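Student: I have a model open and would like to learn how to read it. Can we go feature by feature?

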Amino acid sequence: MRKTTALLVALLLLGAPASRAQRPASSPTRSHVEFLASDRLEGREAGSPGERLAADYLTAQLARIGARPLPGRADMFMPFEFTAGSRDGGSTVTVTAGAAPARAFSAPRDVRALSFSDDTDLSGPVVFAGYGLVVPESQNVGYDSYAALDVKDKIVVVLRYFPEDADQKLRAVLARYSDLRYKAMAARQRGARALLVVTGPRSPNAGELVPMSFDTALAGSGIPAASVTGAVADALFAAGVGSQRDPTSQRSPDGPPSRTLRDVQQELDSGNPHVAGFDLPGITLALRTSVVRERHTGRNVLAYLPGSAPVATDRPWVVIGAHYDHLGHGDKGTSLASKEEAGGIHHGADDNASGAAAVLAVAETLARSTGPRRRHIAIAFWSAEEIGLIGSNAFVTNPPMPIDRLAAYLNFDMVGRMQDNRLIVQATGTSPIWARLLERANVAAGFDLAVQPDPYQPSDVASFNQAGVPSVMFFTGSHPDYHKPSDTADKINYDDLDRVASLAASLVGSVANLAEAPPFTKVDQPVSRGSMAGVRVTTGTIPDYATEVKGLLLSGVIGGGPAEQAGLMKGDVIVEIAGQTIANIYDYTYALELLRVNQPVTVVYTRGGQRRETQLTPGARR
Ligand SMILES: [Zn+2]
Ligand SMILES: [Zn+2]
């Protein structure tokens, strides 16, 4: 604290605004970022050797600062187990049609288990259930692929995605229920023994296998499920396909197929809910599915600075934290690397070496301050954030101290690329105290604060918000290097990163000394959220999640992607796409569900206050 005050006094004497502060002799955050984002740590993927090196570094720094292992613990590591991905373990499909010789197909060429599949070895009759979509009655749509179908004890074959030609409104609803997990659940609930997924000839990625999606589930979802290629579909439908609407179709046992899968899909694609599925008579299918789930151990790092006597009895812990893991070489999950950069080390300097460095700097400032501190400061570095907030979830699920002893959680995620003095503070809706405390702490710091109440962000704050802990998160905005190898230490704005850490140190100090712990406010979750599950296209845009503007502000575009080809660039605000008005990121996600691959749409956007228009042609999302 003393340091901050001294700096403030110096600034007042100089009459200089804080943002133009004289550069300190050395930045307290720079060396941390440079080490964590170095090639040696290889992108700090959870469970990897690079993650371990990073954790070792963080514990060494914590020890240097004078922080201790949490009470009752011998060291600062808190390991947790997680599934780091899955691969097919040799799935096979054998199709027997009447007296014809059986046709065998296998992974990796023609069969691939879905990541959430149960392992099985079974055989049985086959039923085709169209798109396998069931829309809950509450949606008032009346679409149920199983309405006139008995699938009990049968192997169900469904098409991936949802009807291609349905009107926009229906597509929007159906898209929500087209996630393969949801389709598998619907089949399981109706007594199906297994689910096979075919990407129809009229769909994007026609005939291709479904990629093994990154899935952190520890076990299967209660039903064997696999995708098969168009070749397998051809074998299944070779005898010709009937239709329940037309059970006496003119199909003769020897004649050519009366209708192909393409014909059937075309009929289904109208979205007419009365187009039903049908049995595949005479077909027996033997299915073997095997998913190998890779178990790994990740490590959270936790330490604390003890409060000074008398320690508050009302929620005596304040937690500061940042995730320190990143994407490794980017082969799992959410890399945005271009083709040329693919497989490179994702350095994660801003995401989130910057946050880890800020936490260390805050801890160091607090450790050196001599004033009273009525609450303990827990210092946390989470792993496996990038693959689903797993580290912070492990903490709140299995907390080392009762969770109702936590007064507040302060999170730092991407705080190293500040522009124009703008600091975004999210999740402030979780307690009424944040506005006042932030305003006070900012008097010395002088940031242009952008305060956002919503705690439902994809960050570690979500874990604490869910656990009822008042939380805030610091963020300096997205940028074109986000989740790419090019997020490197040389691009970090260290002066401003240090300023963020000193504002946060002052805020943490205030929370620690509050007579009464901050009350928690539950923020209502917005209802009309789009979900990426139904999105099948990519537009190559990088949304700026931080700025509140009407429309979708782009923080960049992906090189060579559809948006770049359409002439869009950083700073543009999309206000309309394919006739849908875009007010926010949720509208945008929703609108994406309605787009179709290779079908150009009109995008209306503003640039420099001027309204413009362009044509954008979406590409296929894998
Ligand atoms: Zn992050
Ligand atoms: Zn990230």
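The dialogue below takes up the metal sites and then a sheet.

Tutor: Keep in mind that this is a predicted model.

Student: Start with the metals. Which residues coordinate the zinc ion (ligand 1)?

Tutor: Look for the donor atoms around the ion. H323 gives NE2, D351 gives an OD atom, and D413 appears twice through OD. These atoms sit at 2.1 to 2.7 Å.

Student: And which protein donors does the zinc ion (ligand 2) have?

Tutor: D351 (OD), E386 (OE), E386 (OE) and H483 (NE2). The distances run from 2.0 to 2.3 Å.

Student: D351 is in both lists. How far apart are the zinc ion (ligand 1) and the zinc ion (ligand 2)?

Tutor: They lie 3.4 Å apart, and D351 bridges them.

Student: How do I judge the geometry? What are the angles at each site?

Tutor: Check the angles among the donor atoms. Four donors count as tetrahedral if all angles lie between 85 and 135 degrees. At the zinc ion (ligand 1) they span 52 to 148°, and the site is irregular. At the zinc ion (ligand 2) they span 58 to 145°, and that site is irregular too.

Student: Where do the donors fall in the sequence?

Tutor: Read the spacing. For the zinc ion (ligand 1) it is H-x27-D-x61-D. D351 is in helix α8, while D413 is in the loop between β13 (406-412) and β14 (422-426), 62 residues apart. For the zinc ion (ligand 2) the spacing is D-x34-E-x96-H. Here D351 in helix α8 (residues 349-368) is linked with E386, which is in the loop between β12 (376-382) and α9 (390-397), 35 residues apart.

Student: Are D351, D413 and E386 buried or exposed?

Tutor: Use relative accessible area; buried means under 20%. D351 has 2%, so D351 is buried. D413 is buried at 6%, and E386 is buried at 13%.

Student: Now the sheet. What holds strands together?

Tutor: Strands of a sheet pair through backbone hydrogen bonds, parallel or antiparallel. In this model, eight strands form an open, mixed sheet in the order β3-β2-β9-β5-β6-β7-β8-β4. The edges are β3 (103-106) and β4 (111-113), each paired on one side only. Neighbouring strands are turned by 30° on average, direction ignored.

Student: How many bridges join β5 to β6?

Tutor: Three, between residues 120-128 and 155-159, and the two strands run parallel. V127 stands opposite V156 in β6.

Student: Which strands does helix α5 touch?

Tutor: Helix α5 (residues 180-189) packs on the sheet and touches β6 and β7 (194-198). Its direction makes about 140° with that of β7.

Technical notes: Residues numbered from 1 in each chain as written. Chains lettered and ligands numbered in written order. Predicted model: local features only at pLDDT ≥ 70, side-chain atom pairs only at ≥ 80, totals over all residues. Heavy atoms only, no water. Donors = N, O, S within 2.8 Å, 3.2 Å for Na, K, Ca; no water. Tetrahedral: all angles 85-135°; square planar, octahedral: opposite > 155°, others 65-115°. Helix = DSSP H or I, 4+ residues; strand = E, 2+ residues; numbered from the N terminus. Buried < 20%, exposed > 50% of the residue type's maximum accessible area, 1.4 Å probe, protein only. Pairing = 2+ DSSP bridges. Axes fitted to C-alpha atoms, helices over the stretch in contact; angles between N-to-C directions. Contact = heavy atoms within 4.5 Å.
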